[in-house]
Amino acid sequence: MKDIARQRMSISVETMDLLNNQIKMEAHASASYLAMASWCDQNAFTQSAAFFYNQSVEERSHMMKIFQFVNDCGGSAMSPAVGETNHDFSSLEEVFETALEQEIQVTKSIHNIVNECKKNNDYNVENFLQWFIVEQLEEEKTMRDILDMFDLIGRDGIALKMIDERVTISEGEGETE
Ligand code: FEO
């Protein structure tokens with residue numbers, strides 16, 4: 001019975017497992033951005049807090065996009081358990097460095113799934129993930145642009161305030177369709 005059910009899936013079991021792992025990563029990213037938003041809020045970086053609240057919502061929507069795709073393909077999407085989330089940051093710069101590092105890991109994971117799709121002839125998954133490849137490029141660029149401001153503007157109190165004022169949610173962010 002299990003084998004017949006699997007034959008009805010339009011993705012391979014290997015790829016489904018990788019997508020379920022990606023669901024977990026996106027859920028963790030959402031939780032992590034929420035922690036960053038909280039830190040920014042507590043330290044009066046209001047623009048950065050708004051930015052991370054939005055990022056958190058966006059990551060959840062990425063998770064849901066993959067979740068629904070797995071089920072649409074006849075697979076079994078697994079509701080993820082989110083483990084410990086770091087709330088401890090020493091500076092605004094460290095928050096954005098952590099965010100960039102997180103995005104780089106997500107990008108690597110997406111690229112790895114695309115490579116596996118090629119091996120398993122999962123063309124529809126490969127096609128589905130193209131949106132995520134473009135999205136990751138944009139998200140990494142956003143974080144790098146913000147981090148560049150620390151070198152350009154500085155790291156003292158006034159500079160941090162100026163950087164925070166320049167952290168904006170660009171048009172189209174938060175949208176997943
Ligand atoms: Fe959905 Fe930015 O990882």
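Let's start with Gln102, which lies in helix H4. This is a predicted model, so please keep that in mind throughout. Gln102 counts as buried, at 13% relative accessibility. What does Gln102 touch, once residues up to four places away in sequence are set aside? His28, Ala29, Ser32 and Tyr33.

Stay with H4 for a moment. The helix has 29 residues. From first C-alpha to last, H4 reaches 42 Å, close to the 42 Å expected at 1.5 Å a residue. And what follows H4? Asn121, with a positive phi near 55°.

Now the whole chain. The secondary structure comes to six helices and zero strands. Along the sequence, the pattern reads α-α-α-α-α-α. The C-alpha trace spans about 65 × 25 × 25 Å along its principal axes. There are 177 residues, and 46% of them count as buried. Take the contacts with a separation of 6 or more. Residues 24 or more positions apart account for 78% of those.

Next, a second glutamine. Gln22 is in helix H2, residues 13-42. Is Gln22 buried or exposed? Buried, at 0% relative accessibility. The side chain has a polar partner: Gln22 and Ser109 are joined by a polar contact of 2.5 Å between their side chains. Now leave out the neighbours within four places in sequence. Gln22 is then in contact with Ile66, Val106, Ser109, Ile110 and Ile113. So Ser109 appears in the contact list as well as in the polar contact, and Gln22 itself is buried because its relative accessibility of 0% is under the 20% cut-off.

On to the rings. How many aromatic pairs does the structure hold? Nine. One of them is Trp39 with Phe45, and that pair is stacked. The centres are 6.0 Å apart, with 20° between the planes. Trp39 counts as buried at 12% relative accessibility. Phe45 is buried too, with a relative accessible area of 11%.

Another pair is Phe52 with Phe96. This one is tilted: 4.9 Å centre to centre, 35° between the planes. Why does this pair tie together separate parts of the sequence? Because Phe52 lies in helix H3, residues 46-72, while Phe96 lies in helix H4, residues 92-120. Those parts are 44 residues apart in sequence. Phe52 and Phe96 are both buried. The two also belong to a cluster. Ring pairs link Tyr33, Phe51, Phe52 and Phe96. You have met Tyr33 already, as one of the residues that Gln102 touches.

One more ring, this time with a charge. Lys65 lies over the face of Trp131. The distance to the ring centre is 4.3 Å.

Now the cysteines. How many disulfides does a search of the whole structure find? Zero. Look at Cys73. The closest cysteine sulfur to its own is in Cys117, and the gap is 10 Å, too far for a bond. A disulfide would need the two sulfur atoms within 2.5 Å. Turn that around and start from Cys117. The closest cysteine sulfur is then the one in Cys73, again at 10 Å and again too far for a bond. Are these cysteines buried or exposed? Cys73 counts as buried, at 7% relative accessibility. Cys117 is buried as well, with a relative accessible area of 0%.

Last stop: the loop between H3 and H4. Two residues there deserve a look. Asp88 is found in this loop. Asp88 is exposed, with a relative accessible area of 60%. How far is Asp88 from Val114, C-alpha to C-alpha? The separation is 33 Å, for two residues 26 apart along the chain.

Ser90 is found in the loop between H3 and H4 too. Ser90 counts as exposed, at 63% relative accessibility. A polar contact of 2.4 Å joins its side chain to that of Glu94. Then there is Trp39, the residue from the stacked pair. Ser90 and Trp39 are 51 residues apart in sequence. In space, their C-alpha atoms are 9.8 Å apart.

That's the tour. Happy to take questions.

Definitions and conventions. Residues numbered from 1 in each chain as written. Predicted model: local features only at pLDDT ≥ 70, side-chain atom pairs only at ≥ 80, totals over all residues. Heavy atoms only, no water. Buried < 20%, exposed > 50% of the residue type's maximum accessible area, 1.4 Å probe, protein only. Helix = DSSP H or I, 4+ residues; strand = E, 2+ residues; numbered from the N terminus. Polar contact = N/O pair within 3.5 Å; in protein donor to acceptor, adjacent residues only side chain to side chain. Contact = heavy atoms within 4.5 Å. Phe/Tyr/Trp six-rings, centres within 6.5 Å; stacked < 30°, edge-to-face > 60°. Lys NZ or Arg CZ within 6 Å of the ring centre and 35° of its normal. Expected span 1.5 Å × (residues − 1).
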